[in-house]
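User: Please go through this model with me, one question at a time, and show the reasoning behind each reply.

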Amino acid sequence: MKQYETVIGLEVHVELATKTKIFCGCSTAFGGAPNTHTCPVCTGMPGSLPVLNKQVLEYAMAVGLATNCKINQYCKFDRKNYFYPDNPQNYQISQLYLPICHDGGIEIETETGKKVIGIHEIHMEEDAGKLIHDEWEDCSLVDYNRSGVPLIEIVSEPDMRSAQEVIAYLDKLRLIIQYLGASDCKLQEGSMRADVNLSVREMGAEAFGTRTEMKNLNSFRAISRAIENERERQIDLLEAGKQVVQETRRWDDAKEYSYAMRSKEDAQDYRYFPDPDLVPVVISDEWIERIRAAQPELRTEKLIRYREEFDIPDYDAGILTSSKKMADMFETAAAICGKPKKVSNWLMGETLRLLKENNQEPEDMRFSPEHLAELIELVDSGTINGGVAKEVFAEIFAHDIDPARYVEEKGLKTVSDTGALREAIAEVIAANPQSVADYRGGKEKAIGFLVGQTMKAMRGKADPGMVNRLLKEMLAE
Amino acid sequence: MANVISDETMEYVGILAKLELSEEEKRQAKKDMERMLDYIDKLNELDTSGVEPMSHAFPVQNVFREDIVTNQDESADMLKNAPAQRDGSFVVPRTVE
Ligand SMILES: [Zn+2]
């Protein structure tokens, strides 16, 4: 069989983290009852006038600058015309001729090394409403709460050659945008969506093959599988002497299969023209510099700083900075308690474990850094021991409880009253003559069992170090 | 000079505009469109090199709003514009994906 090369370009839609929609003062908050966040503008009523949300423009500029794009200092909006009920104006306001950013790129790293993926352009546009199809009655219900929610579409060059490169690119893009605070970029919840343009060509060929566009990919895993599947489908067609048809396909992750879409893709002729309701945007050099200066520290810079500032392994620094939320948590908690190493241990250990157990991402963390810092203080001051601390942390993680109050209320403080401890140890010694004999006979390890028994008798509320010391002392008597 | 619109183009434009035209309407629309194209040809005779394309009639730029929620729940009013409504939603003929 011939050798084939996969050529992939991505169109990534990112929902911006603004409070209001792109062209009206309606809220973008999730979860409102249908159509409670709508107005004449975002429901396309005749005579209504859209006005651009300045924050949308500034977020788009920030993403462009962070991905090494050039900014179009004269930029405009265009109408993309199509008829579908999710789009009440019968056109989507987007940018075709003069998008806000162009000609950038970001560096990715995979097993095969480093590589720059080009960004063709970034444009601003509005999201559409949501349709719910009624299975029983011959109708669809429309909710326009999402209509007019600001998006940026980041169009890459066809520079990727494998699923690994695609994932690396998306991951890098996501991190940059999260760090900028421009979006939370959650694939599952749709605040980041990727459409994959894929074609295959014989190894060494110059010309691109016919490409297809794949939609409905809402996890990194689905993206990887869809890419493998589509690559094979196209190669099979070519090997059988058939042609690849340029079309939009929808991925069904449960069935691991894609099918060609019909509906509105019949009419690809969008007849773009400049939107006369929206005036052009002119961006001064000063404005660009202002946005550049306000750019927060991105991951690469953060990594370098962590290495210099904190005594933590490179691997840990890598994990801590792989999510904005995690990095913020680390820095804030470390600043409060002044113990970065210990904060890192809690995040790298228990936090990651609990996130995995709950099938959550770092962005889903709901506890406050103050409570983590306080917990570390409680351990360091000897108020609670390590075992109890884990138990308390599980409560912080789940319910963001105040650890000091929780420890007080539940009576979890370490018993430092040696009288009570000595009493418990005496009972343990009396009840376990065999272990005592083993220890005295030179089996040092036997003490571990006796410590465990004492801790159990103390219901975990003793300092294991102190138990060990007292045990040895009393066994020597 | 005279532009001729083919039947296929007429059909396609009708599909894009979601219009069903009678034979008589098609014949009329075709004639109108041909005249429009002739007019564009006429404009094309002008030398416009060095003239900036104009998309807006007024020399206004940079009109923005701040990112502040100003609209309340007016779904009841919004839904008055719906052809039909149910459960707070606009009801439209079933669309097939
Ligand atoms: Zn609105």
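The questions and replies below concern a predicted model.

User: Which geometry do the 4 donor atoms around the zinc ion adopt?
Analyst: The zinc ion is held by the SG atoms of Cys24(A), Cys26(A), Cys39(A) and Cys42(A), at 2.3 to 2.4 Å. Four donors count as tetrahedral if all angles lie between 85 and 135 degrees. Because the angles subtended by the 4 donor atoms run from 101 to 114°, the arrangement is tetrahedral.

User: What spacing do the donors of the zinc ion follow along the chain, and are Cys24(A) and Cys26(A) buried or exposed?
Analyst: Cys24(A) and Cys26(A), which both supply an SG atom to the zinc ion, are buried. Along the chain, the spacing of the donors of the zinc ion reads C-x1-C-x12-C-x2-C.

User: Between which domains does the second largest pocket lie?
Analyst: Chain A is divided into domain 1 (4–286), domain 2 (299–410) and domain 3 (418–476). The second largest pocket encloses about 1000 Å³ of space, and among its 33 lining residues the closest to its centre are Asp171(A), Lys172(A), Leu175(A), Arg299(A) and Ser322(A). Because residues of both domains contribute to this lining, the second largest pocket lies between domain 1 (4–286) and domain 2 (299–410) of chain A.

User: Which element gives the most to the lining of the second largest pocket?
Analyst: At least two lining residues come from each of β7 (101–110), α2 (163–180), α5 (299–309) and α8 (340–357) of chain A. The lining as a whole divides into 13 nonpolar, 9 polar and 11 charged residues. The element that gives the most to it, with 7 residues, is α2(A).

User: How much space lies in the largest cavity?
Analyst: Searching the whole structure for cavities of 30 Å³ or more yields 1. The largest cavity has 13 lining residues, with Asn87(A), Gln89(A), Glu126(A), Asp127(A) and Ser147(A) nearest its centre, and this lining divides into 5 nonpolar, 5 polar and 3 charged residues. The space in the largest cavity amounts to about 80 Å³.

User: Is Ala66(A) buried or exposed?
Analyst: Ala66(A) belongs to helix α1 (residues 54–66) of chain A, and its C-alpha atom is separated by 8.5 Å from that of Leu180(A), 114 residues apart along the chain. Buried means under 20% relative accessible area. Since its relative accessibility is 11%, Ala66(A) counts as buried.

User: What distance separates the centres of domain 2 and domain 3 of chain A?
Analyst: Domain 2 spans 299–410 and domain 3 spans 418–476. Taken over C-alpha atoms, the separation of their centres is 32 Å.

Terms used:
Residues are numbered from 1 along each chain as its sequence is written. Chains are lettered from A and ligands numbered from 1 in the order in which they are written. This is a predicted model: local features need pLDDT of at least 70, side-chain atom pairs count only at pLDDT 80 or more; totals for chains, interfaces and linings use all residues. Side-chain values use heavy atoms; hydrogens and water are left out. Donors are N, O and S atoms within 2.8 Å of the metal (3.2 Å for Na, K and Ca); water is not among the atoms, so sites may look incomplete. Four donors count as tetrahedral if all angles lie between 85 and 135 degrees; four count as square planar and six as octahedral if opposite donors are over 155 degrees apart and all others between 65 and 115; anything else is irregular. Buried means under 20% relative accessible area, exposed over 50%, partly exposed in between (1.4 Å probe, protein chains only). On a 1 Å grid over the protein atoms alone, a cavity is a set of points where a 1.4 Å probe fits but cannot get out, and a pocket is an open set with protein on both sides within 12 Å along at least five of seven lines; lining residues have an atom within 4 Å of a point. Grid points are joined across faces, edges and corners, and a volume is the space filled by probe spheres set on the points. Ala, Val, Leu, Ile, Met, Phe, Trp, Tyr, Cys and Pro count as nonpolar, Asp, Glu, Lys and Arg as charged, and the others, Gly among them, as polar. Domain bounds come from an automatic or database domain assignment. Helices (H or I, at least four residues) and strands (E, at least two) are DSSP runs, numbered from the N terminus.
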